[in-house]
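Biologist: I am new to this structure and should be grateful for a close look at a single part of it. Please describe the aromatic rings and what lies around them, and then turn to the ligand.

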Amino acid sequence: MGIAGKMAMDEFQIPRLKMVERLRDHYKIADHRVLAVMNAIPRHRFVPEALRSQAYKDNALPIAGGQTISQPFIVGRMTELLELKGTERVLEIGAGSGYQSAVLASLVRKVYAVERIEGLAQKAKEKLRELGIGNVSMRVSDGTNGWPVYAPFDAILVAAGGPEMPQPLLDQLEIGGRLVIPIGSDPKRQDLVRVTRTEKGLDQENCGPCAFVPLIGEHGWR
Ligand code: SAH
């Protein structure tokens with residue numbers, strides 16, 4: 001049974017459906033697979049106990065370590081921009097709560113997730129295990145260096161904002177692959193950028209302003 005079958009029934013079914021309708025109707029997320037998966041994954045399981053009732057609201061929420069679980073719209077938008085079909089191997093930088101990892105894992109073959117804060121990675125792993133999501137490998141390290149042994153990746157998603165494009169991530173992108181990353185010279189404000197590797201080089205598109213926590217590391221903020 002797929003994740004949708006396993007998890008459709010819980011006390012947050014109605015707020016979750018409202019969240020997905022808002023993603024579709026207000027935010028114009030059009031990828032049906034992304035919407036279906038976000039309707040199936042229990043986001044409330046990834047937020048701190050005390051904030052559960054807010055899990056399906058239209059904003060980011062604090063998690064441990066001064067970090068945040070991204071706003072549902074941002075998760076939907078970034079995932080949609082990766083144009084996933086189902087067979088991909090995806091690198092995710094900044095796993096945080098593990099919610100985005102769960103969304104990706106339900107859409108692709110395999111997710112390689114990197115998180116720099118050990119406590120967050122541990123908790124995220126635990127949640128994924130509880131939900132029976134078995135196709136995520138997670139490690140604690142500086143994700144600005146990517147995960148070279150498993151490269152190249154069909155898609156790369158970075159959930160924290162850096163001052164420039166980390167070169168190792170560009171190097172680890174398959175031809176035809178997409179990288180979605182917030183880039184900005186202000187540590188708290190960025191533009192969401194999508195890079196596509198083609199036979200000839202790199203195509204870059206600006207997908208609009210956004211606000212992520214800083215990407216901290218060798219090829220990010222120091
Ligand atoms: N998608 C996550 C977002 C978490 S916030 C969620 O929705 O829960 C961004 C995360 O990026 C934080 O957990 C932060 O610790 C992590 N991070 C920042 N710089 C990093 C780096 N260089 N490598 C790996 N993780 C990083």
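Modeller: The following account begins with the aromatic rings and ends with the ligand. The model is a predicted one. Seven aromatic pairs are counted in it. One of them joins Phe46 and Tyr99, whose ring centres are 5.8 Å apart and whose planes meet at 65°, so this pair is classed as edge-to-face; planes over 60 degrees apart fall into that class. The two residues come from distant parts of the chain, 53 residues apart: Phe46 belongs to the loop between helix 3 (32–40) and strand 1 (61–62), whereas Tyr99 belongs to helix 5 (residues 99–105). Phe46 and Tyr99 are both buried. Tyr99 has a further partner in Arg43, whose charged end sits over the ring of Tyr99 at 5.0 Å from its centre.

A comparable arrangement involves Tyr112: the charged end of Lys110 sits over its ring, 5.3 Å from the centre. Tyr112 also belongs to one aromatic cluster, together with Trp147, Tyr150 and Phe153.

As for the ligand, 25 residues surround it, and those that come nearest are Ser97, Glu115, Asp142, Gly143 and Ile216. Ile216 also offers a polar backbone atom that lies 2.7 Å from a nitrogen atom of the ligand. For Arg116, a polar backbone atom is 3.2 Å from a ligand nitrogen atom. At Ser70, a backbone N or O atom is 3.0 Å from an oxygen atom of the ligand. On its own the ligand has 580 Å² of accessible area, and the protein covers 100% of it.

Note on methods: Residues numbered from 1 in each chain as written. Predicted model: local features only at pLDDT ≥ 70, side-chain atom pairs only at ≥ 80, totals over all residues. Heavy atoms only, no water. Phe/Tyr/Trp six-rings, centres within 6.5 Å; stacked < 30°, edge-to-face > 60°. Helix = DSSP H or I, 4+ residues; strand = E, 2+ residues; numbered from the N terminus. Buried < 20%, exposed > 50% of the residue type's maximum accessible area, 1.4 Å probe, protein only. Lys NZ or Arg CZ within 6 Å of the ring centre and 35° of its normal. Near = heavy atom within 4 Å. Polar contact = N/O pair within 3.5 Å; in protein donor to acceptor, adjacent residues only side chain to side chain. Areas by Shrake-Rupley, 256 points an atom, 1.4 Å probe, with all protein chains shown as cover.
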